[in-house]
Amino acid sequence: SAAPSPDGAHVAYCTGQLRDPALFVFGGAGEGKRTAVGKGAHPAWLPGGRLLVYTLPEADGTGRVVSSELYVFDVKEGLSGRLTDTPGIVEMQPAISPDGRSVAFSDWKSGAIMVAPLMEAAP
């Protein structure tokens, strides 16, 4: 899944299988460079294009996703930080509200759609 940043300066995308995805950010300052974020999937940008929310899925031995947390990546600083710590919820497919104050995501364990406040702090 590819996600262009709101400012059009970057594109975030993941490669590989969901059981072991790799997340990259392409672009920035006209350089056209590719930055490896690390393991991750389902990128979603905050307004302004500096912060990227993504999931970090973990699979069992059969390849089935059994846990996942939300993380944020600061494109300018090149740093990631964990947003959630909810062992009972499998956070996937985040979507950021237009004002950047909330994140909606699906819980692959229960099938529910959840919405949580999102602090606009860099990792």
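These are legends for a set of close-up views of one predicted model.

**View A. The largest nonpolar core brings together 12 residues.** Here you're looking at Ala3, Ala12, Leu23, Val25, Val37, Trp45, Leu52, Tyr54, Leu56, Tyr71, Phe73 and Val75. Three strands each put in at least two residues: β3 (22–27), β6 (51–59) and β7 (65–74). The largest share belongs to β6, with three residues.

**View B. There's a second core, separate from the one in View A.** This one has 10 residues, and Val53, Leu70, Val103 and Phe105 are among them. Val103 gets its own close-up next.

**View C. Valine 103 sits in strand β10 and is buried.** The strand covers residues 102–107, and the relative accessible area of valine 103 comes out at just 4%. Setting aside residues up to four places away in sequence, valine 103 touches Leu70, Pro94, Ala95, Ile96, Met114, Val115, Ala116 and Leu118. Take leucine 118 from that list: valine 103 and leucine 118 are 15 residues apart in sequence, yet their C-alpha atoms are 6.0 Å apart in space.

**View D. Histidine 42 is a buried residue of strand β5.** Its relative accessible area is 17%, which means histidine 42 falls under the 20% cut-off for buried. Who's around it? Leaving out neighbours within four places in sequence, histidine 42 is in contact with Ser1, Cys14, Leu18, Val53, Tyr54, Thr55, Met92, Gln93, Pro94 and Trp108. Two of these turn up in the earlier views: Tyr54 belongs to the largest nonpolar core, and Val53 belongs to the second one.

**View E. Glutamate 77 and arginine 50 pair up through their side chains.** This is a salt bridge, with N and O 3.9 Å apart, and the structure holds six salt bridges. Glutamate 77 lies in the loop between β7 and β8 (79–82), while arginine 50 lies in the loop between β5 (41–45) and β6, so the bridge ties together parts that are 27 residues apart in sequence. Both partners are partly exposed: glutamate 77 has a relative accessible area of 47%, and arginine 50 comes in at 36%. Asp74 joins in too, as Arg50, Asp74 and Glu77 are linked in a network of salt bridges.

**View F. Arginine 82 forms salt bridges with glutamate 69 and aspartate 85.** For the glutamate 69 pair, the closest N and O atoms are 3.6 Å apart. That bridge links distant parts of the chain, from arginine 82 in strand β8 to glutamate 69 in strand β7, 13 residues apart. For the aspartate 85 pair, the closest N and O atoms are 3.3 Å apart. Are these residues buried or exposed? It's one of each kind: arginine 82 is partly exposed, at 45% relative accessible area; glutamate 69 is buried, at 9%; and aspartate 85 is exposed, at 58%.

How values were computed: Residues are numbered from 1 along each chain as its sequence is written. This is a predicted model: local features need pLDDT of at least 70, side-chain atom pairs count only at pLDDT 80 or more; totals for chains, interfaces and linings use all residues. Side-chain values use heavy atoms; hydrogens and water are left out. A nonpolar core is a set of buried Ala, Val, Leu, Ile, Met, Phe, Trp, Tyr and Cys residues joined through side-chain atoms within 4.5 Å. Buried means under 20% relative accessible area, exposed over 50%, partly exposed in between (1.4 Å probe, protein chains only). Helices (H or I, at least four residues) and strands (E, at least two) are DSSP runs, numbered from the N terminus. A salt bridge is a side-chain nitrogen of Lys or Arg within 4 Å of a carboxyl oxygen of Asp or Glu. Contact means heavy atoms within 4.5 Å.
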